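Work through these exercises with the model open in your viewer. Try each task before you read its solution.

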Amino acid sequence: MTEPLVLGIETSCDETGIGIVRGNTLLADEVASSVDQHARFGGVVPEVASRAHLEAMVPTIERACSTAGVKLDDVDAIAVTAGPGLAGALLVGVASAKALALALGKPIYGVNHLAAHVCVDQLEHGQLIEPSVAMLVSGGHSSLLLVPDITRDVVALGQTIDDAAGEAFDKVARVLGLPFPGGPYIDAAARDGNPQAIDFPRGLSNPKDFANHRFDVSFSGLKTAVARWVEREQRAGNAVMVNDVAASFQEAVVDVLTRKAIDACLSNDVGTLVIGGGVAANSRLRVVAQQRCDEHGISLRIPRPGLCTDNGAMVAALGSELVRRGRDESQLSFSADSSMLVTQVVAP
Ligand code: KG4
Ligand code: ZN
């Protein structure tokens, strides 16, 4: 049998992503982002995102088909993000996917956004090694997962107990007067800063936290510490050393994330770490993760930045894997689920 041709639709946040894959081969990855419309609010406005998805959906699908050189009729299955994400935004993708599946008479898979973030690595580095540990860090999530089978067995090891990692980057950027989304700007500013300039707190990293929060993370204390530090400097009439604050903040985030990810690998006897989500684009995270994985003989897989942020290719990649392994498709009546648990890879 030839590899399945799958169209993936992603609308869980502010990116309308349409991806087309054949097996593990990426044929098209078209993304229309509404990020500019949210910038002045300093965060994603759900209603604005939903409307932007509606406008972008048809043209983005058409662009993806044209890039891939396929007709909608050729597609073997439709995959769509069923959750987690913004309810209204998810609904646009799910309704569009259902309409396509119904009109084309093709199966539909309502998939988990987090599992898709992990599976996308297959498009770049080949078949996922199972079990893997996956760390997903973005504006909406910070999760450590154990992945024995990406199509039906994903275990949540830990998550953030307050802000997501990307959210922390975005909020600290705001405090420093940098634009939204702040991650790339902090990353750039940190290149000219001293990561040891300020000793910011590492949340949930004391031995006493290990009993209940060994694989959880917390960034709200760090965010507050940065805000207080900046306020104090301003009150004292000192110029805020933006580069040093950015570098020291980034170092604290990267230190905690990589330590926890390595601990998750070692304690579960897993030799592969996959990192995904928008924050995986962070240059310092990539360097430190590689160093620490090398020290412990763990193989590290991070997709290129364009595949780490939200996109349709990741949804198509997971859809393709579900088809290849003969997993059940979703009923056409499945719902978008804004708080879909990571343990549920496909909506029934
Ligand atoms: O995965 P993503 O595109 O969307 C979701 O939030 O689901 O991730 C966006 C997040 C934003 O918070 C952004 O600031 C962060 O990823 N980000 C980064 C970098 N590039 C994007 N954070 C740190 N360093 C970066 N280079
Ligand atoms: Zn995401």
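**Exercise 1. Polar contacts of the ligand**

How far is an oxygen atom of ligand 1 from an N or O atom in the side chain of Ser138? Then find further polar contacts of the ligand.

Solution. This is a predicted model, in which local features need pLDDT of at least 70, side-chain atom pairs count only at pLDDT 80 or more, and totals for chains, interfaces and linings use all residues. Residues are numbered from 1 along each chain as its sequence is written, chains are lettered from A and ligands numbered from 1 in the order in which they are written, and side-chain values use heavy atoms, with hydrogens and water left out.

Step 1. Fix the cut-off. A polar contact is a pair of N or O atoms within 3.5 Å; within protein, one must be able to donate a hydrogen and the other to accept it, and residues adjacent in sequence count only if both atoms are side-chain atoms.

Step 2. Take Ser138. The distance from its side-chain N or O atom to the ligand oxygen is 3.3 Å.

Step 3. Go to Gly140. Here a backbone N or O atom is 3.2 Å from an oxygen atom of ligand 1.

Step 4. Go to Asn282. Its side chain places a polar atom 3.0 Å from a nitrogen atom of ligand 1.

Step 5. Check the cover. On its own, ligand 1 has 550 Å² of accessible area, and the protein covers 89% of it. (Accessible areas come from the Shrake-Rupley method with a 1.4 Å probe; for residues, only the protein chains shown count as cover.)

**Exercise 2. The shell around the ligand**

Which elements give two or more residues to the shell around ligand 1? Also sort the shell by class.

Solution. Step 1. Place the ligand. Ligand 1 occupies the largest pocket. On a 1 Å grid over the protein atoms alone, a pocket is an open set of points where a 1.4 Å probe fits, with protein on both sides within 12 Å along at least five of seven lines. A molecule sits in it if more than half of its atoms lie within 2 Å of its grid points.

Step 2. Name the elements. They are helix H6 (165-175) and helix H7 (183-190). Helices (H or I, at least four residues) and strands (E, at least two) are DSSP runs, numbered from the N terminus.

Step 3. List the neighbours. There are 20 residues around ligand 1, and Gly139, Asp170, Gly183, Asp187 and Gly278 come nearest. (Near means that a heavy atom lies within 4 Å.)

Step 4. Sort by class. The shell holds five nonpolar, eleven polar and four charged residues. (Ala, Val, Leu, Ile, Met, Phe, Trp, Tyr, Cys and Pro count as nonpolar, Asp, Glu, Lys and Arg as charged, and the others, Gly among them, as polar.)

**Exercise 3. Unusual backbone**

Which residues does a cis peptide bond with omega of about -10° join? Look also for positive phi.

Solution. Step 1. Recall the background. Most residues other than glycine have a negative phi, and most peptide bonds are trans.

Step 2. Find the cis bonds. Phe180 and Pro181 are joined by the bond in question. Pro181 is in the loop between H6 and H7. Another cis bond joins Glu130 and Pro131, with omega about 0°. Pro131 belongs to the loop between helix H5 (122-125) and strand E6 (132-137).

Step 3. Find positive phi. Leu204 is not a glycine, yet its phi is about 50°. Its loop runs between H7 and helix H8 (210-213). Asp269, also not a glycine, has phi of about 55°. This residue lies in the loop between helix H10 (242-267) and strand E9 (272-276).

Step 4. Check exposure. Buried means under 20% relative accessible area, exposed over 50%, partly exposed in between (1.4 Å probe, protein chains only). Leu204 is buried at 12%. Asp269 is exposed at 73%.

**Exercise 4. Arg301**

Is Arg301 buried or exposed? Find a partner for its side chain.

Solution. Step 1. Locate Arg301: strand E10 (residues 299-301).

Step 2. Read its accessibility. At 9%, Arg301 is buried.

Step 3. Find the partner. A polar side-chain atom of Arg301 lies 2.5 Å from the backbone oxygen of Gly126.

**Exercise 5. Pairs across the sequence**

How far apart are the C-alpha atoms of Asn243 and Arg191? Repeat for Val242 and Val175.

Solution. Step 1. Asn243 is in helix H10 and is partly exposed at 29%. Its C-alpha is 7.5 Å from that of Arg191, with their positions 52 residues apart along the chain.

Step 2. Val242 is in helix H10 and is partly exposed at 24%. Val242 and Val175 are 67 residues apart in sequence and 9.9 Å apart C-alpha to C-alpha.

Key: On a 1 Å grid over the protein atoms alone, a cavity is a set of points where a 1.4 Å probe fits but cannot get out, and a pocket is an open set with protein on both sides within 12 Å along at least five of seven lines; lining residues have an atom within 4 Å of a point.
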